[in-house]
Protein chains: 2
Amino acid sequence: MAKYIIGVDLGGTKILSAIVTKNGNIVKKVQVPTQASRGRARVVKNIVRSIRTLLMDARVPLSDIEAIGVGAPGPVLFKEGVVLNPPNLPGWKRVPLKKILAREFRKKVVLDNDANAAALGEGAFGFAKGLKNFIFITVSTGIGGGLVIDGKLLRGAWGGAGEVGHMIIEPSGPRCGCGRRGCLEAMASGSAIARLAKAKLKTNKRSLMLKLAGGDISKVNAKTVEDAARSGDSLAKKIINRAARYLGMGLANLINILAPDAIGLGGGVMKMGQMFLGPAEKAARELSLSPAAKLVKIVRAKLGEDAGVIGAAALCMENK
Amino acid sequence: MAKYIIGVDLGGTKILSAIVTKNGNIVKKVQVPTQASRGRARVVKNIVRSIRTLLMDARVPLSDIEAIGVGAPGPVLFKEGVVLNPPNLPGWKRVPLKKILAREFRKKVVLDNDANAAALGEGAFGFAKGLKNFIFITVSTGIGGGLVIDGKLLRGAWGGAGEVGHMIIEPSGPRCGCGRRGCLEAMASGSAIARLAKAKLKTNKRSLMLKLAGGDISKVNAKTVEDAARSGDSLAKKIINRAARYLGMGLANLINILAPDAIGLGGGVMKMGQMFLGPAEKAARELSLSPAAKLVKIVRAKLGEDAGVIGAAALCMENK
């Protein structure tokens with residue numbers, strides 16, 4: 001009997017592949033650059049190569065692999081296993097990645113968007129172990145979500161459910177990557193934090209952020225804002241609070257709509273920890289209705305950097 | 001074998017009770033005033049009396065009744081059958097209405113909030129017949145919703161899911177009845193339309209709305225705005241468009257989060273028909289992500305005035 005599952009976490013900058021046990025433990029992990037700018041064929045080659053390298057490095061024969069799970073940037077068509085046109089994979093348009101990998105390795109392949117994969121991983125092995133109703137949200141460059149309802153991942157009518165990052169919460173806000181204004185992603189993501197910091201620095205040359213960026217506003221990113229806030233910079237603190245409160249508003253909306261048992265937050269921005277989680281949680285509870293506002297657990301997700309590959313593997317173990 | 005179900009639609013101003021067949025047909029319907037201002041005991045008496053009157057008028061013996069379903073103003077605790085503290089039922093606080101009625105009539109009683117009940121009714125007998133994933137939204141004085149996912153009504157962790165009216169979509173908007181700012185209900189309900197009209201009329205004495213209200217701003221309601229808009233009043237049209245666009249924004253958020261097959265809109269405000277549905281649908285499609293934006297059906301709900309009692313009866317026929 002095949003012992004392992006391969007989880008592939010396809011990102012815009014790196015591809016992480018791992019051999020994962022059915023208990024969610026990582027046997028071996030490999031990272032290669034995506035080389036997204038070199039186009040679709042190259043990226044697909046890199047995925048295949050990373051899986052082959054992984055098997056060789058781990059000295060695991062392909063016959064020990066039961067299935068391959070792929071978490072890809074959305075939007076994807078779940079059933080068909082097709083990656084549509086992710087903004088961070090230029091040149092991709094309806095790529096049948098599931099079919100390509102199934103043919104290459106002659107294994108069952110399951111593909112879904114990365115946030116859905118991570119939600120399943122967190123449900124099987126992370127913060128939501130044992131919970132029937134929970135939401136996983138990843139806050140990084142963008143904001144994505146996976147919703148588990150009654151023990152099952154919600155995909156909706158065509159597979160596109162869970163796009164929580166494009167919930168509009170500030171209609172006159174800045175333009176989002178999707179073209180609309182004031183999406184949660186445009187208000188509370190890492191890019192939103194960086195953009196706001198850059199705008200504020202134009203008229204506020206004294207902030208520590210500018211110093212940390214070597215005087216070059218264009219080099220300010222979310223990490224710069226975090227570092228400055230930790231050193232007590234008041235503008236940086238304000239920017240982080242503001243983004244976190246918007247995130248909390250988005251969480252409150254989800255709590256009112258879905259009444260989950262718990263919400264787990266992952267992704268790069270959540271590495272800020274309590275500095276970001278604190279005001280987000282406070283806003284979420286203030287802005288949602290009782291009794292949900294009190295009952296829901298709001299926590300950091302548990303799988304961290306490995307959420308992607310463990311989640312991708314979990315796609316192959318899903319109860320449907 | 002018992003042939004009928006009694007559906008009770010408990011509202012802030014009237015109580016509708018009906019004998020309903022298992023095919024969703026109404027055999028007999030009775031309406032009595034709620035007399036909410038006279039307090040909880042009186043309202044409970046009125047419910048009991050309305051059911052007794054209904055049975056007598058229809059000449060149906062209690063033994064022909066299988067169960068009683070109650071759609072009550074939220075929030076309610078579904079499993080316990082407890083009505084918490086609805087704003088339009090003053091003096092109510094954790095009323096065990098399910099237990100009270102079960103004791104009175106010695107029948108199985110199922111109680112849920114009115115929007116959930118109507119969603120089940122629409123799923124069994126209305127616009128969503130045969131659909132597995134749909135949303136019912138009622139737009140009247142307030143805005144409520146019922147979400148059906150994978151063929152089951154979503155109640156969430158404690159029964160409070162579906163509070164779509166309290167999704168915040170304009171954080172600096174007017175205060176909602178719930179105490180927060182810019183909830184969908186505060187932007188797009190009948191009360192929101194009336195409030196905006198009243199505010200605008202203070203500086204716009206020429207609008208037809210004022211004439212229709214006999215010159216008394218305090219008498220302007222959503223119907224006044226509708227009538228003025230139908231007669232070509234441009235301010236009234238603007239107000240309706242604005243509210244409808246906010247509703248569409250709320251729908252877009254729900255489409256992005258849940259990817260439903262269809263959304264059905266009911267409640268008093270929807271009697272405006274295309275004048276309100278048109279701009280709401282346009283905004284919903286513009287503001288949601290493709291392909292969901294194209295695939296989702298957005299329609300008027302089908303059961304109209306009877307959604308409440310048929311939905312309440314449907315509570316007793318729910319697959320769980």
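**Exercise 1.** Is Gln35(B) buried, partly exposed or exposed, and what is its relative accessible area?

*Solution.* The model under study is predicted.
Step 1. Locate the residue: Gln35(B) sits in the loop of chain B that runs between strand S3 (26-33) and helix H1 (40-58).
Step 2. Take its relative accessible area, which is 27%.
Step 3. Apply the cut-offs: buried means under 20% and exposed means over 50%. Gln35(B) is therefore partly exposed, with a relative accessible area of 27%.
Step 4. Inspect the backbone: although Gln35(B) is not a glycine, its phi is positive, at about 55°.

**Exercise 2.** Describe the backbone of Arg106(B) and state whether the residue is buried or exposed.

*Solution.* Step 1. Arg106(B) is not a glycine, yet has a positive phi of about 55°.
Step 2. In chain B, Arg106(B) belongs to the loop that links helix H2 (97-105) to strand S7 (108-113).
Step 3. The relative accessible area of Arg106(B) is 74%, so the residue is exposed.

**Exercise 3.** Identify the cis peptide bonds at Pro75(A) and Pro75(B), and place each proline in its chain.

*Solution.* Step 1. In chain A, Gly74(A) and Pro75(A) are joined by a cis peptide bond, with omega about 0°.
Step 2. Pro75(A) falls in the loop between strand S4 (65-72) and strand S5 (76-77) of chain A.
Step 3. In chain B, a cis peptide bond with omega about 0° links Gly74(B) to Pro75(B).
Step 4. Pro75(B) occupies the loop between strand S4 (65-72) and strand S5 (76-77) of chain B.

**Exercise 4.** Characterise the overall form of chain A from its secondary structure, dimensions and contacts.

*Solution.* Step 1. Chain A contains 11 helices and 12 strands.
Step 2. For 320 residues, a compact globule would have a radius of gyration near 20 Å; the value for chain A is 20 Å, so the two agree.
Step 3. Along the principal axes, the C-alpha atoms of chain A fill a box of roughly 60 × 45 × 30 Å.
Step 4. Of the 320 residues in chain A, 60% are buried.
Step 5. Consider the contacts in chain A between residues at least 6 apart in sequence: 61% of these join residues at least 24 apart.

**Exercise 5.** Describe the surface and the charged side chains of chain A.

*Solution.* Step 1. The accessible surface of chain A is about 13,200 Å², and carbon and sulfur atoms account for 50% of this area.
Step 2. Chain A carries 50 positive and 23 negative side chains.
Step 3. The centres of the positive and negative sets are 4 Å apart.

**Exercise 6.** Which residues have the most contacts inside the largest nonpolar core?

*Solution.* Step 1. In soluble globular proteins, nonpolar side chains tend to be buried together.
Step 2. The largest nonpolar core has 130 residues, and Leu258(A) and Leu258(B) are those with the most contacts inside it.
Step 3. Beyond residues up to four places away in sequence, Leu258(B) touches residues of chain A including Leu147(A), Leu154(A), Ile257(A) and Leu258(A). Within chain B, Leu258(B) touches Ile135(B), Leu147(B) and Ile149(B).
Step 4. Another core, of 32 residues, lies apart from the largest one; among its members are Val43(B), Leu55(B), Val70(B) and Val109(B).

**Exercise 7.** Analyse the surroundings of Ile143(A) and of Val48(A).

*Solution.* Step 1. Ile143(A) lies in strand S9 (residues 143-149) of chain A. With a relative accessibility of 4%, Ile143(A) is buried.
Step 2. Ile143(A) and Leu184(A) are 41 residues apart along the chain, while their C-alpha atoms are separated by 7.5 Å. Leu184(A) is one of the residues in contact with Ile143(A), as are Val164(A), Ala188(A) and Leu247(A).
Step 3. Val48(A) belongs to helix H1 (residues 40-58) of chain A. Its relative accessibility of 12% makes Val48(A) buried.
Step 4. Val48(A) and Phe105(A) are 57 residues apart in sequence, and the C-alpha to C-alpha distance is 8.8 Å. Outside its neighbours within four places in sequence, Val48(A) contacts Leu101(A), Glu104(A) and Phe105(A).

**Exercise 8.** Set out the accessibility and C-alpha separations of Gly308(B) and Lys202(B).

*Solution.* Step 1. Gly308(B) is part of helix H11 (residues 307-315) of chain B. Gly308(B) is buried, at 13% relative accessible area.
Step 2. The C-alpha atoms of Gly308(B) and Gly267(B) are 9.9 Å apart, and the two residues are 41 places apart along the chain.
Step 3. Lys202(B) lies in the loop between helix H5 (190-201) and helix H6 (208-212) of chain B. With 57% relative accessibility, Lys202(B) is exposed.
Step 4. Lys202(B) and Ala124(B) are 78 residues apart along the chain, and 46 Å separates their C-alpha atoms.

Technical notes:
Residues numbered from 1 in each chain as written. Chains lettered and ligands numbered in written order. Predicted model: local features only at pLDDT ≥ 70, side-chain atom pairs only at ≥ 80, totals over all residues. Heavy atoms only, no water. Helix = DSSP H or I, 4+ residues; strand = E, 2+ residues; numbered from the N terminus. Rg over C-alpha atoms; globule rule 2.2 N^0.38 Å. Buried < 20%, exposed > 50% of the residue type's maximum accessible area, 1.4 Å probe, protein only. Contact = heavy atoms within 4.5 Å. Areas by Shrake-Rupley, 256 points an atom, 1.4 Å probe, with all protein chains shown as cover. Lys, Arg positive; Asp, Glu negative; His and termini not counted. Charge placed at Lys NZ, Arg CZ, Asp CG, Glu CD. Core = buried A, V, L, I, M, F, W, Y, C linked by side-chain atoms within 4.5 Å.
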